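Subject: Structure for your review

Dear colleague,

Please find the structure below, together with its sequence. My account of what was found follows directly after it.

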Amino acid sequence: MNSRLGTAAEAATADAPVHGQGRVAASAAALTGLCLAVTACHSASAAGKATDIEFWAFGREGEVLQALMPEFEREHPNIHVRVQQIPWTAAHEKLLTAYVGNATPDLAQLGNTWIPEFVALRALLPLDSLAAASSEVRDSSYFPGIWRTNLVNGRLYGVPWYVDTRVLFYRKDLLAQAGNPRPPATWAQWHEAMRAIKARDHYAIFAPFNEWNVPIILGLQAGSPLLKDDGRYGAFAEPPFRRAFDFYLDWYRSGVAPLLGINDIGNVYQEFERGTFAIWITGPWNIGEFRRRLPREMQDKWGTAPLPGPEGGASGVSMAGGSSVVLFRRSHRHAEAWQLAEYLARPEQQLRFYRLTGDLPARTEAWRDSALAGDPAAHAFWEQLQRVVPLPQVPEWELIATRVFDYAEQAVRGGVSTDTALARLDREVDQILERRRWLLSRATTP
């Protein structure tokens with residue numbers, strides 16, 4: 001068992017639906033109120049001396065965040081923000097190390113799939129009372145599926161900062177030449193369009209087999225919960241996911257997708273330009289990449305579209321991704337940290353951040369700006385974000401997700417049947433979740 005995930009799972013009872021939860025919630029609320037009161041008194045007694053708060057942000061976002069701080073500090077002369085930029089590859093372990101060493105920052109950027117793990121560790125401050133009193137942070141201002149990624153056991157632990165999901169990037173000309181002037185809306189249309197493209201000596205789709213996003217999204221579209229019984233067991237061998245897995249494997253078995261990983265193509269943009277493949281399921285950062293990397297004569301030949309679904313329409317869901325702003329329990333500066341979280345949630349700051357990074361705003365009001373409303377490539381993301389589904393909220397999720405493409409590769413390369421691959425996947429997932437089941441069984445015992 002992975003020791004890091006085991007440590008997180010041991011703390012899962014802290015926010016699980018256990019007997020006496022009302023007393024825990026009341027205690028947490030009282031603690032929050034006390035911390036805010038103490039912080040306010042401290043700030044007042046400082047008589048103009050700025051309070052330092054520390055914000056950890058990752059990758060490019062950490063670099064860009066620095067540019068937003070002077071305006072915040074002008075508005076809040078009693079607060080000084082120290083931004084620590086951390087590479088994405090080191091972020092998760094650094095956060096865990098900081099938690100163990102009692103050295104967490106006041107607030108941080110957190111990928112929303114990480115939130116359940118840090119809630120299980122009791123590292124994050126519940127934000128319900130702060131959000132209830134806020135004029136900036138309201139659930140009605142966010143995409144519902146994205147907002148739900150910040151709720152664990154009904155409590156709010158993060159404020160969506162920017163959003164991420166997956167859509168189709170496609171060659172308009174190649175689809176049209178294959179008899180499809182519009183992108184497909186259903187699985188049946190998708191199946192036929194890809195076979196028609198393949199018949200014209202192009203691969204239809206680039207779907208790297210060593211990425212888990214696509215088979216997971218197809219499973220969500222087919223109605224699979226991915227995990228069942230409150231995250232105690234895998235649900236991959238059950239009919240909904242099996243249907244999606246067969247649809248996915250057929251791409252490779254029929255030859256409409258090359259059996260390649262993400263690192264097996266030297267320059268994916270160059271191959272897209274050459275027509276090696278016509279469709280790629282990817283995220284919003286590639287809007288900017290396509291505009292920078294593809295030549296001018298290609299700019300009217302590509303487009304974006306929401307994902308097709310089994311029956312089209314509402315069934316064409318995608319995953320709810322992105323990053324949130326979280327506050328840490330151990331901070332003594334919750335009031336000041338919350339002011340920064342509210343500032344970053346403003347629509348005008350979300351737009352400013354989008355212009356600097358290309359990260360899509362979490363606040364729906366920001367999408368009214370012409371920079372987004374008038375961008376046809378971004379419009380597909382607006383549509384898709386109305387139909388996003390949170391991934392399972394268990395600390396072990398990312399470990400489980402990597403196992404999905406392992407067994408997909410077995411099924412394609414090793415000739416393993418769908419039934420065998422998914423039965424093996426469920427067995428391994430059940431082993432990963434064994435400690436979770438044990439902890440939850442103890443938590444619910446009178």
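How many aromatic pairs does the structure hold? The count is 32 aromatic pairs, and please bear in mind that this is a predicted model.

**Aromatic pairs**

One of these pairs is formed by Phe 55 and Trp 161. Their ring centres are 6.0 Å apart and their planes make an angle of 70°, an edge-to-face arrangement. Phe 55 belongs to strand β1 (residues 51-58) and Trp 161 to strand β6 (residues 159-164), so this pair ties together parts that are 106 residues apart in sequence. Phe 55 has 0% relative accessibility and therefore counts as buried. Trp 161, with 3% relative accessibility, likewise counts as buried.

Another pair consists of Tyr 269 and Phe 290, whose planes stand at 85° with the ring centres 5.8 Å apart, so this pair is edge-to-face. Tyr 269 is in helix α12 (residues 268-274) and Phe 290 is in helix α13; the pair therefore ties together parts that are 21 residues apart in sequence. Both Tyr 269 and Phe 290 are buried.

Tyr 269 and Phe 290 are also members of a cluster linked by ring pairs. The other members are Phe 169, Phe 206, Phe 272, Phe 277, Trp 280, Trp 302 and Phe 381.

**A charge over a ring**

Trp 56 has Lys 94 lying over its face, at 5.2 Å from the ring centre.

**The four-stranded sheet**

Four strands make up an open sheet with mixed pairing, in the order β8-β11-β7-β12. Why do β8 (203-206) and β12 (302-305) each have one side without a neighbour in the sheet? Both stand at the edges with a single partner strand each, so one side of each is left without a neighbour. On average, neighbouring strands of this sheet are turned by 20° against each other, direction ignored.

Strand β7 (residues 167-171) runs antiparallel to β12, and four bridges join the two. Within this pairing, Arg 171 has Trp 302 of β12 as its bridge partner. Trp 302 is also one of the residues in the aromatic cluster described above.

Helix α13 (residues 285-293) packs on the sheet and touches β7, β11 (277-282) and β12. The direction of helix α13 makes about 145° with that of β11. Helix α13 is also where Phe 290, the partner of Tyr 269, is found.

With kind regards

How values were computed: Residues are numbered from 1 along each chain as its sequence is written. This is a predicted model: local features need pLDDT of at least 70, side-chain atom pairs count only at pLDDT 80 or more; totals for chains, interfaces and linings use all residues. Side-chain values use heavy atoms; hydrogens and water are left out. Two strands pair if DSSP finds at least two bridges between them. Axes are lines fitted to C-alpha atoms, for helices over the stretch in contact, and angles run from 0 to 180 degrees between N-to-C directions. Contact means heavy atoms within 4.5 Å. Rings of Phe, Tyr and Trp (its six-membered ring) pair if their centres lie within 6.5 Å; planes under 30 degrees apart count as stacked, over 60 as edge-to-face and the rest as tilted. Buried means under 20% relative accessible area, exposed over 50%, partly exposed in between (1.4 Å probe, protein chains only). A charge sits over a ring if NZ of Lys or CZ of Arg is within 6 Å of the ring centre and within 35 degrees of the ring normal.
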